[in-house]
Amino acid sequence: MRLVLLGAPGSGKGTQAARLKEHLQVPHISTGDLLRAEVAAGSKLGLEAKEIMASGNLVSDEILLGMLEDRLSRDDTRGGFILDGYPRNLAQADALDKLLGRIGQPMDYAVQLEVPTEMLVERIAGRAKAEGRADDSPESVRTRLTIYNDQTAPVIEFYRQHGQLTVVNGVGSLDDVFNRIIEALSPAKEVG
């Protein structure tokens, strides 16, 4: 199964992706994790990405698509994958659609986790404190939510028009949200 997880920063995409990875036995591919690994490695890309991420801005589409193409070419993705953090805009959604078509792995579902804004801010503040994440400073969070609303939210419509979108309430216990996702992905469920 090939999935895209959509939702604002703090919506629980990473947490649920980790659970789905175990349940579906497919790799969880987080562009944030890929970028942080480049930063930790001190690569040229990592140094560029570090500055961009610390300011709350998004790394270029070209860089992310190249990283994803490399990652999706590995053997462990043949049975499917879960994308978390990509696509973030319509250009990325279109480029991803073309890439997946070219490699013969079309997207099955886009799952949107819906969480109210005030809860997102609380979650991000807690995560920033617990993990010491520089990309979760109050300034960068405001920038990321603005970017999400301006650029990423239209991606939801892209997947709706392609008949691949399912919307899941992202509020509740981890188990409740996970069970809602699994139910939404069941073959008897109409996607819409």
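This report describes a predicted model, beginning with listed binding-site positions and then turning to the nonpolar cores.

## Listed binding-site residues

An unreviewed UniProt entry lists a set of residues under "binding site", including Thr31, Arg36, Asn57, Val59, Tyr86, Pro87, Gln92, Arg133 and Arg144. Two of the listed residues, Val59 and Gln92, are followed here in turn.

Val59 sits in the loop that runs between α3 (44-54) and α4 (61-72). With a relative accessible area of 5%, Val59 counts as buried because this value is under the 20% cut-off. Setting aside residues up to four places away in sequence, Val59 touches Leu35, Ala49, Ile52, Met53 and Leu64.

Gln92 belongs to helix α5, which spans residues 90-102, and it is buried, with a relative accessible area of 1%. Apart from neighbours within four places in sequence, the contacts of Gln92 are Asp61, Leu64, Tyr86 and Pro87; Tyr86 and Pro87 are themselves on the UniProt list for the binding site.

## The nonpolar cores

The largest nonpolar core holds 33 residues, and those touching the most other members are Val4, Leu6, Leu83, Leu96, Met107 and Tyr159. At least two residues of this core come from each of β1 (2-6), α3, α4, β3 (81-84), α5, α6 (117-131) and α7 (138-161), with α7 giving the largest share, seven residues.

Val4, leaving aside its neighbours within four places in sequence, is in contact with Leu83, Tyr86, Pro87, Leu96, Met107, Tyr109, Ala110, Val111 and Tyr159. A second core, separate from the one just described, has 15 residues, among them Leu3, Ala17, Val177 and Ile181.

Definitions and conventions
Residues are numbered from 1 along each chain as its sequence is written. This is a predicted model: local features need pLDDT of at least 70, side-chain atom pairs count only at pLDDT 80 or more; totals for chains, interfaces and linings use all residues. Side-chain values use heavy atoms; hydrogens and water are left out. UniProt positions are given in the numbering used here, feature names are shortened, and annotations may be inferred rather than shown by experiment. Helices (H or I, at least four residues) and strands (E, at least two) are DSSP runs, numbered from the N terminus. Buried means under 20% relative accessible area, exposed over 50%, partly exposed in between (1.4 Å probe, protein chains only). Contact means heavy atoms within 4.5 Å. A nonpolar core is a set of buried Ala, Val, Leu, Ile, Met, Phe, Trp, Tyr and Cys residues joined through side-chain atoms within 4.5 Å.
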